[in-house]
Structures are given as C-alpha cells and as structure tokens.
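The following exercises are to be solved with the sequence and the model at hand. Each task is followed by a worked solution.

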Amino acid sequence: MAGQAREMAGQAREAAGQARGMASEKIIVARGWAAPRLDAAAHSIEEQLAPKLSAALSQAAARIDPTPVKSRKTPMFLLFTGIAIAAAGYVLYRKNADQWADTLKESASDASQWVGQKTEAVAGKASGAVDDAVKKAEEVGAKVTDKAADTKAEHASQTPKSTP
C-alpha cells in the first residue's frame, strides 16, 4: 500500500510538472503575440504622429522667429497648439500601451487561473489517493493485529499448564 501511495505521489508530481510547463508555454505565446503589436504601435507613432508634430513645431518656430514682426498672438497660439498636439499624441500613445498591458495581464491571469485549477485538481486526486492508502493500511494493520491476537490465544490454549 505504501508503494502504491508513493507511486501515486510520483504521478501527481509529474502532472504538476507538466502543468507548470504548459503555463510557461502559454506565457511565451502571449509574449510572442504582444511583442509585434507593441512594435507596430511604436512604429505607427514614429511614422505618423511624430512627423506631423515636428512639422507643427517647425511652423511654430518659424512664426516665433523674431525677424518678421507680426502679431504676438499667432506665435503663442501655435506654441500652445503644438503643446496640445504633443499632449494628445502622448495620451493616445499611453492609451494604446495601457490596452496592450491589460491584454497581457488578462492572458497571464487566464494562464495562471488554468494552472491553479489543474494544480488543485491534481492535489485533490493525490489527497484522495493518500486517504485511500491510509484507510487500506489501517485495515491491513487491523487484520494483522487480529490475526496475531488469534494466533497468540491459540498458542496459549495448546500449551499445557504445569503445576508446581
């Protein structure tokens, strides 16, 4: 019985190792899925938003240039417009990055939940197997004890009593 319990414990340990391996694979898949999307977002900002922002700032710099004397309201308006565009770009970038981070967190939490469920199932099976092994061992122990008591009683009844 103890050998069977050891064997079952070894099987449970092996199942837990497999669950750990699967979780590692799922995390790698999630990272592989997210990396190109983050890279694409970075290139999109670099190729689309940055040139527009740069052009707006260059125009603002040209209008702020002290050589031409023009109205002071226009350069300040352009400066604040450039700052507003930069802030909007930053907000859009952060929003996109936060969405990807949330997606990664959800994927990791799903994998973690799955591993937790598998681990609990394996632990439950192992616990049940150990309980069964303990019960069987107690039954065998009780039978052995009863048999030993019967043998001792039988031996005592067969031995003649000597009178002194």
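**Exercise 1.** Does isoleucine 64 count as buried, partly exposed or exposed, and why?

*Solution.* The model is predicted: local features need pLDDT of at least 70, side-chain atom pairs count only at pLDDT 80 or more, and totals for chains, interfaces and linings use all residues. Residues are numbered from 1 along each chain as its sequence is written, and side-chain values use heavy atoms, without hydrogens and water. Buried means under 20% relative accessible area, exposed over 50%, and partly exposed in between (1.4 Å probe, protein chains only). Isoleucine 64 has 44% relative accessibility and therefore counts as partly exposed. This residue lies in helix H1.

**Exercise 2.** Compare the expected span of helix H1 with the distance between its end C-alpha atoms.

*Solution.* Helices are DSSP runs (H or I, at least four residues). The expected span is 1.5 Å times one less than the number of residues. For the 63 residues of H1 (residues 2-64) this gives 93 Å; the end C-alpha atoms are 88 Å apart, which agrees.

**Exercise 3.** Where does H1 bend?

*Solution.* The bend at a residue is the angle between axes fitted to the seven residues ending there and the seven starting there. H1 bends by about 35° at leucine 49, and proline 51 follows within four residues.

**Exercise 4.** Which residues of H1 are buried?

*Solution.* Among them are Ala12, Ala30, Leu53 and Ala60. In the protein, buried residues make up 11% of the 164 residues.

How values were computed
Helices (H or I, at least four residues) and strands (E, at least two) are DSSP runs, numbered from the N terminus.
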